[in-house]
Amino acid sequence: MQHPENGGGGEEEATVDVQFTDLPNALIACKVPEDLFNEGRLKASFEELFRSFDPEVQFQYFKSFRRVRISFSDALAAAEARLRLHKTDFNGKEMRLYFAQSVHIGSPRLEPPKPEKQFLISPPASPPVGWEQSQDATPVINYDLLCAISKLGPGEKYELHTATPTTPSVVVHVCEDDQDDSSAQDDSDQDDKPRPPRPKIIQTRRPDYTPGVKQ
């Protein structure tokens with residue numbers, strides 16, 4: 001920026017330095033014409049537009065994305081090129097230029113995750129510091145439920161919930177035991193008895209095929 005100063009009967013201009021270290025030194029040209037990637041003459045005229053700002057400018061063409069990366073030697077040349085060429089006409093289409101955002105990783109190698117995040121991996125590579133395996137709680141035995149079940153007899157029914165004007169009743173019907181009293185013998189006698197045959201699953205018969213009537 002320039003600010004005029006009056007002094008000594010004449011006008012002097014004082015220049016203020018502007019820092020461009022925070023700006024990227026590359027531009028991205030978006031939605032460029034598709035002919036730019038195939039025709040050498042059109043590519044040469046495109047590059048000539050940016051060489052006027054920096055003779056050492058470099059170009060990287062991305063045909064699949066219809067974009068071109070223009071890398072300058074300094075950020076000042078990139079800022080001036082965008083200021084003058086952004087939204088200008090090139091080969092009948094408007095050319096849009098944007099600053100390329102650089103991502104600084106800090107290391108060329110991929111670092112392993114931090115130890116406090118490794119517990120998200122299944123199974124974890126190593127438990128976090130201070131981790132201890134939790135002990136399973138003692139199962140709770142409901143003796144009232146066991147007592148009520150032991151009182152149930154075959155063929156009887158028990159009402160668990162009495163019906164109300166808005167809700168139905170809940171009644172449990174205990175199935176009758178098909179086996180006779182001899183089923184109370186030991187397991188050795190039960191193994192000697194022949195087991196009843198399994199019921200055969202009858203498949204559904206396919207209907208008869210009726211040919212269509214041709215006219």
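**A surface patch and an aromatic cluster**

L146 is a good place to begin: this residue sits in helix α3, which spans residues 143–150. The model described here is a predicted one. L146 is partly exposed, because its relative accessibility is 48%, and partly exposed residues fall between the 20% and 50% limits. Together with I141 and Y143, L146 makes up a nonpolar patch on the surface. The accessible area of these three residues together is about 340 Å².

Stepping back to the whole protein chain, four helices and nine strands are found. Read from the N terminus, these elements follow the order β-β-β-α-β-β-α-β-β-α-β-β-α. The protein chain has 215 residues, of which 17% count as buried. About 19,300 Å² of the protein chain is exposed, with carbon and sulfur atoms supplying 52% of that area. Where contacts link residues at least 6 apart in sequence, 44% of them join residues at least 24 apart.

Aromatic side chains offer another way into the structure. Seven aromatic pairs are counted in total. One of them is formed by F59 and Y61, which are stacked, with 6.5 Å centre to centre and 25° between the planes. F59 is buried, because its relative accessible area is 15%, which is under the 20% limit. Y61 is partly exposed, with a relative accessible area of 24%. Both residues belong to one aromatic cluster, whose other members are F37, F46, F50, F72 and F90. Y61 also has a charged companion: K43 lies over the face of the Y61 ring, at 4.6 Å from its centre.

Definitions and conventions:
Residues are numbered from 1 along each chain as its sequence is written. This is a predicted model: local features need pLDDT of at least 70, side-chain atom pairs count only at pLDDT 80 or more; totals for chains, interfaces and linings use all residues. Side-chain values use heavy atoms; hydrogens and water are left out. Patches are made of residues with over 30% relative accessible area and no salt bridge: like charges are joined within 9 Å, nonpolar side chains (Val, Leu, Ile, Met, Phe, Trp, Tyr) within 5 Å. Accessible areas come from the Shrake-Rupley method with a 1.4 Å probe; for residues, only the protein chains shown count as cover. A salt bridge is a side-chain nitrogen of Lys or Arg within 4 Å of a carboxyl oxygen of Asp or Glu. Helices (H or I, at least four residues) and strands (E, at least two) are DSSP runs, numbered from the N terminus. Buried means under 20% relative accessible area, exposed over 50%, partly exposed in between (1.4 Å probe, protein chains only). Contact means heavy atoms within 4.5 Å. Rings of Phe, Tyr and Trp (its six-membered ring) pair if their centres lie within 6.5 Å; planes under 30 degrees apart count as stacked, over 60 as edge-to-face and the rest as tilted. A charge sits over a ring if NZ of Lys or CZ of Arg is within 6 Å of the ring centre and within 35 degrees of the ring normal.
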